[in-house]
Amino acid sequence: MSGPKVLLPGATLGVMGGGQLGRMFVHAAQRMGYFTAVLDPDESSPAGRVSHHHVRADYLDEIGLATLCGHAQAITTEFENVPADALARLAQHRDVAPGAAAVAIAQDRALEKAHFVRCGVDCAPHAVVTNEEEVASVDDDLLPGILKTARLGYDGKGQARVRTRAELRAAWEQLGRADCVLEKLLPLAFECSVVVARGHDGAMVHLPVQRNLHREGILAVTEVHEGCIPDAQAHRAIAAARRIADGLDYVGVLCVEFFGLEDGSLVVNEMAPRPHNSGHWSMDAADVSQFELQVRTLAGLPLVQPRQHSAAVMLNLLGDLWFARGAAEATPDWAGVLALPGAHLHLYGKLSARKGRKMGHLTLTGPTPAAARETALAAARQLG
Ligand code: ADP
Ligand code: MG
């Protein structure tokens with residue numbers, strides 16, 4: 001970054017990637033009076049379709065990057081696998097947040113774990129495996145474990161659970177002998193995450209700790225309310241997320257995921273250098289959303305601590321729901337869901353549903369955790 005330049009509404013903010021996270025960033029920026037530019041190769045990308053400018057180009061395309069710089073005064077990213085090199089190139093001409101160095105660390109599980117260790121935050125016992133010798137010599141104590149590709153994994157993809165050395169060997173072959181991290185399988189009591197936003201000047205704010213439930217490696221439900229995880233672990237998670245962001249000299253929104261273990265300890269799992277699915281509730285139940293925080297960090301505006309005003313449960317809407325009532329694709333019963341007080345529907349404008357595809361989410365808010373939960377159960381019943 002070239003310094004704490006403030007971009008006021010009326011300026012144009014750019015984003016690399018046109019998925020749902022980019023779309024919600026665009027909505028937040030436009031609401032505040034900014035113009036927006038999205039770079040994404042897909043003509044029908046969710047963010048491209050709602051942005052003032054859509055640059056249809058590959059992430060490393062020279063002309064595309066130059067065009068984005070022509071539109072936008074500052075540029076962020078919404079998609080973890082936008083090449084860090086593309087961000088480095090943009091940074092020669094424009095303010096870019098988060099920076100390429102931080103994104104490069106978050107894109108590689110081995111570098112990411114090394115960063116956690118450097119920050120003094122506990123993570124799962126693990127070993128980096130990049131060749132046959134390393135596969136053969138992993139510590140017995142890491143089995144049973146989860147083998148994860150170092151790069152390009154998401155939503156549980158690029159992972160295999162392995163119990164024995166033979167399974168480890170076979171899984172590594174199956175993953176194409178890619179550079180991997182083998183992690184010990186831990187006894188999880190719960191999963192949680194913290195969204196922090198850090199400005200050019202190092203000022204930092206955060207959303208409350210979010211409790212997450214995954215199904216088949218994909219986030220299914222997030223709950224956020226007083227007591228959703230034990231206080232001691234909540235405080236530790238927030239302190240750790242802040243240390244991790246400081247250690248990267250991070251500018252932007254960062255989400256850090258944690259495992260709460262059965263023995264009361266807390267270990268960090270991974271981080272995402274952008275807003276995160278588990279922070280979506282903040283659009284409906286906090287006075288400042290994670291996407292507004294992203295706008296503020298990028299534009300160099302003041303950061304204020306978000307205040308949660310309602311208990312919230314977020315349900316992800318996967319493409320499977322479109323096939324719930326038979327073989328043919330059919331739209332779920334939104335009217336039934338929207339009849340519930342406190343139901344907030346977000347659909348990402350994707351043109352077709354596929355099983356496992358994130359099509360949207362629902363936030364159910366209420367005056368108490370029990371009320372929000374009750375509404376979430378009613379919504380889930382409506383959706384069948
Ligand atoms: P992704 O990048 O696909 O989100 P994660 O590393 O977060 O990958 O793993 C996906 C899910 O798998 C986690 O949310 C958790 O439920 C489970 N998981 C991952 N690592 C471990 C572990 N070491 N022990 C137990 N469960 C794990
Ligand atoms: Mg994860």
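Here are three short exercises with worked solutions on the structure above.

The model is predicted, so local features need pLDDT of at least 70, side-chain atom pairs count only at pLDDT 80 or more, and totals for chains, interfaces and linings use all residues. Residues are numbered from 1 along each chain as its sequence is written, while chains are lettered from A and ligands numbered from 1 in the order in which they are written.

**Exercise 1. The sheet**

Find the order of the five strands in the open sheet, and work out which strands stand at its edges.

Solution. Start with the terms: strands (E, at least two residues) and helices (H or I, at least four) are DSSP runs numbered from the N terminus, and two strands pair if DSSP finds at least two bridges between them. Next, read off the order, which is β3-β2-β1-β4-β5 with parallel pairing. β3 (53–55) and β5 (95–96) each have a single partner strand, so one side of each is left without a neighbour in the sheet. Now look at one pair: β1 (residues 12–16) and β4 (residues 74–77) are joined by four bridges in the parallel sense. There, M16 is placed opposite T77 of β4.

**Exercise 2. Two helices**

Describe how α1 packs against α10, giving the angle and the contact residues.

Solution. Two packed helices are described by the angle between their axes and the distance between the axes. Axes are lines fitted to C-alpha atoms, for helices over the stretch in contact, with angles from 0 to 180 degrees between N-to-C directions. The axes of α1 and α10 (residues 290–299) come within 8 Å and cross at roughly 70°. That makes the two helices, α1 and α10, roughly perpendicular (the class for 65 to 115 degrees). Residues count as in contact if their C-beta atoms, placed from the backbone, lie within 7 Å. On this basis α1 contributes M24, F25, A28 and A29, and α10 contributes F291, E292, Q294 and V295.

**Exercise 3. Domain 1 meets domain 3**

Work out how many residues each of domain 1 and domain 3 brings to their contact, and which element of domain 1 gives the largest share.

Solution. First, the bounds, which come from an automatic or database domain assignment: domain 1 is 12–96, domain 2 is 125–184 and domain 3 is 188–383. The C-alpha centres of domain 1 and domain 3 lie 23 Å apart. Their contact takes 18 residues from domain 1 and 17 residues from domain 3. On the domain 1 side, α1 and β4 each supply at least two residues. The largest share there, seven residues, belongs to α1.

Technical notes:
Angles under 35 degrees count as roughly parallel, over 145 as roughly antiparallel, 65 to 115 as roughly perpendicular and the rest as oblique.
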